[in-house]
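Trainee: Got a minute to go through a structure with me? I'd like to start with how the helices pack.

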Number of protein chains: 2
Amino acid sequence: MEQDTETRIFEAARAVFVEQGFEGARMQEIADRAGINKALLHYYFRSKARLFEAVFRASAAEVLSQAATALRQDQPLPDRLTTFVHTYIDLIRANPHLPAFVLEELRRNPDALKAVVAEHTPGLLDALGRGIEDAVAAGRLRRIDPAHLLAHLIGLCIIPFIARPMLQTATQMDDAAYDAFLEARKEEVSTFIHRALVP
Amino acid sequence: MEQDTETRIFEAARAVFVEQGFEGARMQEIADRAGINKALLHYYFRSKARLFEAVFRASAAEVLSQAATALRQDQPLPDRLTTFVHTYIDLIRANPHLPAFVLEELRRNPDALKAVVAEHTPGLLDALGRGIEDAVAAGRLRRIDPAHLLAHLIGLCIIPFIARPMLQTATQMDDAAYDAFLEARKEEVSTFIHRALVP
DNA sequence: CGATGGTTTAACTATAAGGTTAATGAAGAA
DNA sequence: TTCTTCATTAACCTTATAGTTAAACCATCG
C-alpha cells in the first residue's frame with residue numbers, strides 16, 4: 001500500500017490526465033489524489049508539462065507496444081489479426097479512457113507521438129505487408145493495402161470506446177448491455193475483417 | 001465580407017474551439033480573430049461556456065444530420081452504405097478537426113451530445129435494422145447487428161482523421177500521399193464493408 | 001438639432017492556477 | 001549528540017484569464 005512518493009504522484013497524475021486531459025487537469029487535484037503537497041509535484045517532476053510528458057509516454061508506449069507485438073506474432077496473418085483484435089480490445093477495456101487521452105494529445109501536439117510511434121512500430125507496416133503477401137500467395141487472403149488494413153483494425157477496435165456516449169445513446173443500451181456489446185465486439189470485428197478479406 | 005458581428009464572433013469561436021478544444025481556447029484569441037473587443041463576446045454570448053455550447057451544438061448537429069440523412073436514403077442498404085461512406089468522408093475532409101473536437105467534448109461532458117443525438121437519430125437504428133432485414137431477405141446481405149454495423153461505419157470513416165499523425169508516421173507518407181490515402185479510402189472502406197457483408 | 005437606445009471599447013477586477021521559497025521534519029553519518 | 005542531506009510542507013508570488021463596468025460611439029427618430 002505504501003508506495004514510494006514518486007510513483008504515487010505518477011499514478012495520480014495518470015488518473016487525472018487521462019480523465020481530464022492536459023488543459024483540464026489541475027496540479028492541485030493531482031496533489032490531492034496523491035495525498036501530498038503541491039510543491040512536491042514540482043520537486044519530483046519540475047513542471048506540469050514534464051509530468052504530463054512522463055505519463056503520456058508511458059501510456060502511449062504501453063498501447064503501442066502491445067498492439068505492435070500482437071501484429072508481429074509468428075502466425076499466419078488471419079490468426080494474427082484475430083489475436084490483435086482480442087488483445088487490443090481487452091487492453092482498452094481495462095483502460096477505457098486511454099484512447100481518447102492519446103487522441104487528444106495527438107491533436108494538441110501532433111508531433112508528441114512521433115518519437116514513440118517511430119520507436120515501437122519500425123517495420124510494422126512492412127511486416128504487415130509481408131504477412132499479407134504470404135497469405136495472398138497461399139490463397140487465403142485477397143490483397144489489401146497494409147496502411148488501410150492497419151487503419152481498419154484500429155478504427156474498428158477503438159470506436160466503441162471513444163464514441164461510447166454517442167453509440168450508447170443512439171442504441172439505447174444501458175451500461176450492462178454496452179459491456180456485453182464490447183465483449184461481443186471481439187468476435188464481431190474478427191469475423192467482419194476475415195470475411196472482408198476472403199480472396 | 002462585412003458579416004454581422006454575432007456571426008463573426010461565432011465563426012471565430014468555431015475555429016478556435018475546434019482547433020483547441022474548450023479548455024485550450026482563449027476568449028482573447030476568439031476576440032482577436034473576430035476583430036472585436038473581448039467584452040463583446042460576453043455581450044453576445046454571456047460566457048465562454050455558452051459560446052462553446054452554441055458552437056458545439058451547431059457542429060454536432062451538422063455532422064449528425066448529414067450522417068443520419070445518408071443512412072436513411074431510400075435505397076437498398078448496400079448502396080446506402082456506400083453513400084454514407086462517401087458523404088461522411090467528404091464531410092470530414094472539409095472539416096478535418098471536427099471529429100476530434102466532438103470526441104473531446106464527448107469525454108469532457110458525455111451528456112452534452114445526448115440531446116443532439118436523440119434529436120437527430122431517432123429511429124436511425126431501427127431504420128438500419130429494417131434495411132438489413134430487407135437485404136437479408138433479398139439474399140444480398142448476411143445478417144449483422146445494426147449497432148455493430150453503425151460502429152463499424154463510423155470507426156472506419158473517422159479513424160484516418162483522428163489518428164492521422166500516428167498513421168502518417170507509421171506509414172511514412174507525406175501530406176500529399178496521405179491526401180491520396182484519404183481519397184482512396186472512400187472506395188476501400190465501401191468495398192471492405194460490402195465484402196464483409198456478402199451472405 | 002438633440003434625445004434615445006443599441007453597440008463597442010478601454011480599463012479594471014477577481015480569481016484560479018502554476019510555480020517558488022524558506023522553514024520544518026526525519027533519518028542516517030560522524 | 002550534532003551535522004548533513006533529502007523529503008515535505010505552508011505560505012507566498014506571479015501571471016493569465018474569464019468576466020465586469022462605465023463611458024464613448026453611432027445610428028435613428030422626434
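Trainee: Which residues of α5(B) meet α11(B)?

Mentor: Keep in mind that this is a predicted model. On the α5(B) side, the residues are B:Pro78, B:Leu81, B:Thr82, B:Val85, B:His86, B:Ile89, B:Asp90 and B:Arg93.

Trainee: And what do they meet in α11(B)?

Mentor: Among them are B:Asp179, B:Leu182, B:Glu183, B:Arg185, B:Val189 and B:Ile193.

Trainee: What classes of residue are in that contact?

Mentor: The contact of α5(B) with α11(B) has seven nonpolar, four polar and seven charged residues.

Trainee: How would I describe the packing itself?

Mentor: Two packed helices are described by the angle between their axes and the distance between the axes.

Trainee: OK, what angle and how far apart are the axes for α5 and α11 of chain B?

Mentor: The angle is about 160°, and the axes are 9 Å apart. Helix α5 covers residues 77-94 of chain B, and helix α11 covers residues 175-196.

Trainee: Parallel or antiparallel, then?

Mentor: Angles over 145 degrees count as roughly antiparallel, so α5(B) is roughly antiparallel to α11(B).

Trainee: Left-handed or right-handed crossing?

Mentor: The crossing of α5(B) and α11(B) is right-handed.

Trainee: Switching to chain A. At what angle do α9 and α11 cross there?

Mentor: They cross at roughly 170°, and their axes come within 10 Å. Helix α9 of chain A runs over residues 146-162, and helix α11 over residues 175-196. That angle makes α9(A) roughly antiparallel to α11(A).

Trainee: Which residues meet in that pair?

Mentor: From α9(A), they are A:Leu153, A:Leu156, A:Ile159, A:Pro160 and A:Phe161. Their partners in α11(A) include A:Tyr178, A:Phe181, A:Leu182, A:Arg185 and A:Phe192.

Trainee: How do those divide by class?

Mentor: Eleven are nonpolar, none is polar and one is charged.

Trainee: Now the DNA. Which residues come nearest to strand C?

Mentor: A:Lys38, A:Lys48, B:Asn37, B:Tyr43 and B:Tyr44, out of 15 residues around DNA strand C.

Trainee: What does A:Lys38 sit next to on the strand?

Mentor: A polar side-chain atom of A:Lys38 lies 2.6 Å from a base oxygen of DNA strand C.

Trainee: And which part of strand C do A:Lys48 and B:Tyr44 approach?

Mentor: Phosphate oxygens. A:Lys48 uses a backbone N or O atom, 2.8 Å away. B:Tyr44 uses a polar side-chain atom, at 2.7 Å.

Trainee: What share of the strand C atoms within 4 Å of the protein is sugar or phosphate?

Mentor: It is 60%, and the rest belong to bases.

Trainee: Which helix gives the largest share of the surface near strand C?

Mentor: α3(B), with four residues. The α3 helices of chain A and chain B, residues 38-45 in each, both supply at least two.

Trainee: What about strand D? Which residues are closest?

Mentor: A:Thr5, A:Tyr43, A:Tyr44, B:Lys38 and B:Lys48. Sugar and phosphate account for 63% of the DNA strand D atoms that come within 4 Å of the protein.

Trainee: How far are A:Tyr43, B:Arg26 and B:Lys48 from phosphate oxygens of strand D?

Mentor: A polar side-chain atom of A:Tyr43 lies at 2.5 Å. For B:Arg26, a side-chain N or O atom is 3.0 Å away. For B:Lys48, a backbone N or O atom lies at 2.7 Å.

Trainee: And which helix gives the most near strand D?

Mentor: That's α3(A), with four residues.

Terms used: Residues are numbered from 1 along each chain as its sequence is written. Chains are lettered from A and ligands numbered from 1 in the order in which they are written. This is a predicted model: local features need pLDDT of at least 70, side-chain atom pairs count only at pLDDT 80 or more; totals for chains, interfaces and linings use all residues. Side-chain values use heavy atoms; hydrogens and water are left out. A residue is near a molecule or strand if one of its heavy atoms lies within 4 Å of it. A polar contact is a pair of N or O atoms within 3.5 Å; within protein, one must be able to donate a hydrogen and the other to accept it, and residues adjacent in sequence count only if both atoms are side-chain atoms. Axes are lines fitted to C-alpha atoms, for helices over the stretch in contact, and angles run from 0 to 180 degrees between N-to-C directions. Angles under 35 degrees count as roughly parallel, over 145 as roughly antiparallel, 65 to 115 as roughly perpendicular and the rest as oblique. A crossing is left-handed if the near helix is turned anticlockwise from the far one by less than a right angle, and right-handed if clockwise. Contact means heavy atoms within 4.5 Å. Ala, Val, Leu, Ile, Met, Phe, Trp, Tyr, Cys and Pro count as nonpolar, Asp, Glu, Lys and Arg as charged, and the others, Gly among them, as polar.
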